[in-house]
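Reader: Could you take me through one part of this model up close, the aromatic rings and what surrounds them? I'd like to hear about the charged pairs too, and you can start with those.

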Amino acid sequence: MIRALLLALLLPGCSLSGVIGTHSVDYNHSVEQAADTLLVVNILRARDGAPLHFTTIGAIHGAFTVSAGIGYDLTAVNNGVQPAGLVASNPSFDIGPLDRQEFARGLLRPIDPALFRLLSDHGLPDPLLLHLLVSRFDEGPGGRAIPNEPGNPDFAAAVEALTRHGRLQFNGYTRLIPLGPRLTAAQAAAPEILSDLRQPGVSLRPDGPGWRLYRPVGQLALCIAEGDGRYRALAMDNEAPQVSPMNQEGDPCTAEEVVDHPMPPGRAAVAGRGWYLRSVEEVLRHLGALQRREEAGQPVRIRIGEATPRLFRLWPSPPPRPRLAVAYRGTSWWVAEQDPREDLTLSVLALTAQLLNLQKSAGEIPSTGTLRLVR
């Protein structure tokens, strides 16, 4: 009997790792369901023109109770004594509202151009990124603007022209900005010039028959393939327009350094289209507008290679290959499995979830590092 009792006391401890692993996976599924539901519900709110609201599960606490003992059973044949072991879990969780100042500012802030590059480098189709993240192409004052409105054929044609000859490419290089006029050898040796050289980042370099002071600045170029191995470079910047035409000699798409040439005052801006990137809030509103067109029988399809899949669609009834369902105002809405040739909704939701997570500040999410284990 004592041996059986000891065995009963040891077994729960030996199997506890499996219990924790199982509950951890279950909690992850719970977070998945909550996050997917909240994302789809906010897109449906955007479709209706309603306010958007966000919460997040800050932490899930698992309190495990491990116990063992013996009992007396009159129906048993083993002297009536039966060892018993029990593992019980009592989970609780923290819900954090995200309707706060910093999160709201993040929702309204245009997407970082470096993030656009990262997403493209990770293999997401360029037409998908352009249709989802660019709000408009604009030629500037007096020029033509092409808004990215659902079903706008001009915007679709512009995207196809940008991606016709291959994927978007990116190149980070050093842009050398001239400081002041060209100097002679004697001027370059003057004390005031030597004093300027002590400033961080300022360098003196040969310039034709003389010398010139330059300040190096990191620059990211977006390169559009134009056929025959040639690329057209556009400058990427955090200020709007986030992508704009550039006037630089050399080849910013392959060079490590490119020198700016001094531009006289009053020179006209470089001709071409600037790109204005969306904020995360604008992405959600755009998805809501796409859903309105779907429900009106006007699906929006984009061209990716030879395929023309739907950009976004929520189904009012189960699709042939359902992935998840969400209840909203008494109606169930369904998301289909990913289909690169027919439906990109799941990819769009995955990308939008990543963009939302980038807006969450750790200081706004309640959390705890406590896991209670009671024996």
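**Charged pairs and packed rings**

Author: Let's start with a charged pair: Asp207 and Arg212 meet through their side chains in a salt bridge, at 2.7 Å from N to O. Keep in mind that this is a predicted model. Arg212 counts as buried, since its relative accessibility is 7%. Asp207 is buried as well, at a relative accessible area of 13%.

Asp207 has another partner. Its side chain also meets that of Arg182 in a salt bridge, this one at 3.5 Å from N to O. Arg182 sits in strand β7 (residues 169–183) and Asp207 in strand β8 (residues 203–207), so this pair ties together parts that are 25 residues apart in sequence. Arg182 is partly exposed, with a relative accessible area of 42%.

There are 20 salt bridges in the structure. Some of them share partners, and in that way Glu294, Arg301, Arg310, Arg313 and Glu342 are joined into one network. Arg313 has a ring to deal with too: it lies over the face of Trp315, 3.6 Å from the ring centre.

Now for a charged pair that leads us to the rings. Arg136 and Asp138 meet in a salt bridge between their side chains, at 3.2 Å from N to O. Asp138 counts as buried because its relative accessibility is 14%, while Arg136 is partly exposed at a relative accessible area of 30%. Arg136 also lies over the face of Tyr276, at 3.7 Å from the ring centre.

On to the rings themselves. The structure holds five aromatic pairs. In one of them, Phe137 and Phe155 have ring centres 4.9 Å apart and planes at 10 degrees, so the pair is stacked. Phe137 belongs to strand β5 and Phe155 to helix α5, so the two tie together parts that are 18 residues apart in sequence. Phe137 and Phe155 are both buried.

Phe137 pairs with Trp275 as well, and here the arrangement is edge-to-face: 5.5 Å from centre to centre, with 65 degrees between the planes. That pair links distant parts of the chain, as Phe137 is in strand β5 and Trp275 in strand β13, 138 residues apart. Like Phe137, Trp275 is buried. Put the neighbours together and you get one aromatic cluster made of Phe116, Phe137, Phe155, Phe170 and Trp275.

Several of those names come back in the nonpolar packing. The largest nonpolar core has 58 residues, and the ones that touch the most other members are Phe116, Leu133, Phe137, Leu222, Trp275, Leu287 and Phe312. Take Leu287: setting aside neighbours within four places in sequence, it is in contact with Ile43, Leu132, Phe312, Val348 and Thr352. There is also a second, separate core of nine residues, including Tyr173, Ala221, Cys253 and Ala255.

Leu132 and Leu133 bring us to helix α4, where they are among the buried residues. The helix covers residues 126–133 and is mostly covered, with eight of its eight residues buried. The others in that buried set include Asp126, Pro127 and His131. What lies over them? The cover includes α3 (113–121), β5 (134–138), α5 (153–163), β13 (274–277), α8 (280–295) and α9 (345–357). You've met some of these already: β5 and α5 hold the stacked Phe137 and Phe155, and β13 holds Trp275.

Technical notes. Residues numbered from 1 in each chain as written. Predicted model: local features only at pLDDT ≥ 70, side-chain atom pairs only at ≥ 80, totals over all residues. Heavy atoms only, no water. Buried < 20%, exposed > 50% of the residue type's maximum accessible area, 1.4 Å probe, protein only. Helix = DSSP H or I, 4+ residues; strand = E, 2+ residues; numbered from the N terminus. Contact = heavy atoms within 4.5 Å. Salt bridge = Lys/Arg side-chain N within 4 Å of Asp/Glu carboxyl O. Core = buried A, V, L, I, M, F, W, Y, C linked by side-chain atoms within 4.5 Å. Phe/Tyr/Trp six-rings, centres within 6.5 Å; stacked < 30°, edge-to-face > 60°. Lys NZ or Arg CZ within 6 Å of the ring centre and 35° of its normal.
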